[in-house]
Structure formats: structure tokens, C-alpha cells
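Please look through the model shown below. The paragraphs that follow it go through the metal sites and then a sheet.

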Amino acid sequence: MQRIRPEDWYRIRHLDDGVTFIDEPHIQEFYRCNIWHVRGRDRDMLVDSGMGVVSLREWVPEVSERDLIAVASHTHFDHIGCHHEFECRAVHEAEADLLAEPTRINTLADPYVTDEIFHSLPPEPYCSQCYAVKRAPATRILRDGDRIDLGDRNFEVIHTPGHSPGGIALFEATSGILFSGDILYDGPLIEDTYHSNAADYVASMEHLLTLPVRLVHGGHFPSFDGERYRALIRNWLDEKQT
Ligand SMILES: [Zn+2]
Ligand SMILES: [Zn+2]
């Protein structure tokens, strides 16, 4: 399979509200994590950091120019691969041990990571059999209700266990923007990992439904508006009840 040059690995798109969308287009869509960069007055926020097969700091200037807090929506391999590149790292307390001691099993790299998840391979010396996430112990532990303050912007941590025990969403009340991680996006949701929990998942969805969300940037697949958000949650909850 063809190898991609590091400078061509990431795709960067500037959106409204100081939000930048970064992704890895050479990974197949289902496995491809959305990386979100939010510009603040005093500091920036990164939500997730991709698979870690090419340096984010080296090739994406947006994440290396200013003071930045790298938040993990949760600790599956596709979301935390470059966290070790950042000095300031935040994760929910329920997955702090995973960010500190990632393995191929506990990050789900095993069984998901094979050459088949790529359209084209990352640059040398990448190999799917040797792929592993580097350890990146958190410098800040997050709990439900905590706030991430960027100076002029403020995101509330919403604990959303279910997909994984330490999953979080980040909600900015003034803009109605929600970074939802993997608990909810506009595509097939994963509810059966080794640390998923069905009852937690339902409770998280019910809680998310109460938020006045206007725009959702999820862990995978394209962003969507508040109407779609509420429809996705209601349909999901309806299916659980029948
Ligand atoms: Zn996940
Ligand atoms: Zn994911």
C-alpha cells in the first residue's frame, strides 16, 4: 500500500466560532477521529489528538503556536495518539489510568488497528502490528461540572459514560457548541467495547437531551445542528425502549 508523506497526513479546515477541524483523511471514515481546535483569548483547547502516527505539533501549526490544553474526550487509540506531545493534558478521572498506561488492549488498538483501516499508510516507520499509543499522564483530572476556561470562552465538562467510563462532552453555553466525543455522533455508535456500559449510556443520552445545544462537533463523522442532535438522541432512546 502507498505511504503518505507526513506533510500530507492531516487535513485542516477553519470553521466559524474560532473552531478548527483537523482529521486524518487517509484513515477510513469509520475509524477516523475528528480533532477539534478551539481558539481562546488566553489559551487554546484541543479536543482529542488523532491516532498519533504523524506528529500533530510538527505538522499542524494551529496546535503549536499558543498555550494549549489537550483534552481527551476519552482514551481510545484514535483519540489520544498525540496527547504525549502536549504539556498540559486533561482527562476524566475514570480514564486517567488509561492515559497514563495505555496498552494495545485497553486503547482498543488491538483488535482495530490493521492495515485495512487505511486508504494509504502513514509514513515509515509505521507498522500496524507494532502500533501503540505513547503514555501521557494527565496534568489535570476532570470531573462532571468542571470548567475549561480559555479566557473569553468557557466549556463545561459533562461526564458521559457509556461508550467508555470516562467519556466527556464539552459544552459552551454562550455559543451552544457541544463537543460530544464518541457518546453521540451522526454515524454508527459503538456500545459494546470491553468497558462500555448500557445503563450508563442511556443515562448519558437522557442527560444530553436536556442541554440547549445548537451545534455538535462529534468524535467521528460530520458535524450537525441542534435539531439533528435531539432527533438522534430521541431515536436512539426510542430504540432502546422497544
Ligand atoms: Zn471511542
Ligand atoms: Zn472514536
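In this predicted model, the site of the zinc ion (ligand 1) is irregular, with angles of 89 to 174 degrees among its four donor atoms. A tetrahedral site would need all angles between 85 and 135 degrees, so the upper value of 174 degrees rules that class out. The protein donors are His74 through NE2, His76 through ND1, His163 through NE2 and Asp182 through OD. They lie 2.1 to 2.4 Å from the zinc ion (ligand 1). Along the chain, these donors follow the spacing H-x1-H-x86-H-x18-D.

Among these donors, His76 and Asp182 link distant parts of the chain, being 106 residues apart. His76 sits in the loop between β5 (68–71) and α2 (77–80), whereas Asp182 sits in the loop between β11 (177–181) and α5 (198–208). His76 counts as buried because its relative accessibility is 2%. Asp182 has a relative accessible area of 5% and is therefore buried.

What does Asp182 bridge? Asp182 bridges the zinc ion (ligand 1) and the zinc ion (ligand 2), and the two ions lie 3.4 Å apart.

The zinc ion (ligand 2) has as its protein donors Asp78 (OD), His79 (NE2), Asp182 (OD) and His220 (NE2). Their distances from the zinc ion (ligand 2) run from 2.1 to 2.5 Å. Why is the arrangement around the zinc ion (ligand 2) irregular? The arrangement is irregular because its four donor atoms subtend angles of 87 to 164 degrees. In sequence, the donors of the zinc ion (ligand 2) are spaced D-H-x102-D-x37-H. Here the pair His79 and Asp182 links distant parts of the chain: His79 belongs to helix α2, Asp182 to the loop between β11 and α5, and 103 residues separate them. Both His79 and Asp182 are buried.

The sheet comes next. Seven strands form an open sheet in the order β1-β2-β3-β4-β5-β6-β7, with mixed pairing. Its edge strands are β1 (11–14) and β7 (140–142), each of which pairs on one side only. On average, and with direction ignored, neighbouring strands of this sheet are turned by 20 degrees against each other. At the β7 edge, strand β6 (residues 89–92) runs parallel to β7, and three bridges join the two. Within this part of the sheet, His92 stands opposite Leu142 in β7.

Definitions and conventions: Residues are numbered from 1 along each chain as its sequence is written. Chains are lettered from A and ligands numbered from 1 in the order in which they are written. This is a predicted model: local features need pLDDT of at least 70, side-chain atom pairs count only at pLDDT 80 or more; totals for chains, interfaces and linings use all residues. Side-chain values use heavy atoms; hydrogens and water are left out. Donors are N, O and S atoms within 2.8 Å of the metal (3.2 Å for Na, K and Ca); water is not among the atoms, so sites may look incomplete. Four donors count as tetrahedral if all angles lie between 85 and 135 degrees; four count as square planar and six as octahedral if opposite donors are over 155 degrees apart and all others between 65 and 115; anything else is irregular. Helices (H or I, at least four residues) and strands (E, at least two) are DSSP runs, numbered from the N terminus. Buried means under 20% relative accessible area, exposed over 50%, partly exposed in between (1.4 Å probe, protein chains only). Two strands pair if DSSP finds at least two bridges between them. Axes are lines fitted to C-alpha atoms, for helices over the stretch in contact, and angles run from 0 to 180 degrees between N-to-C directions.
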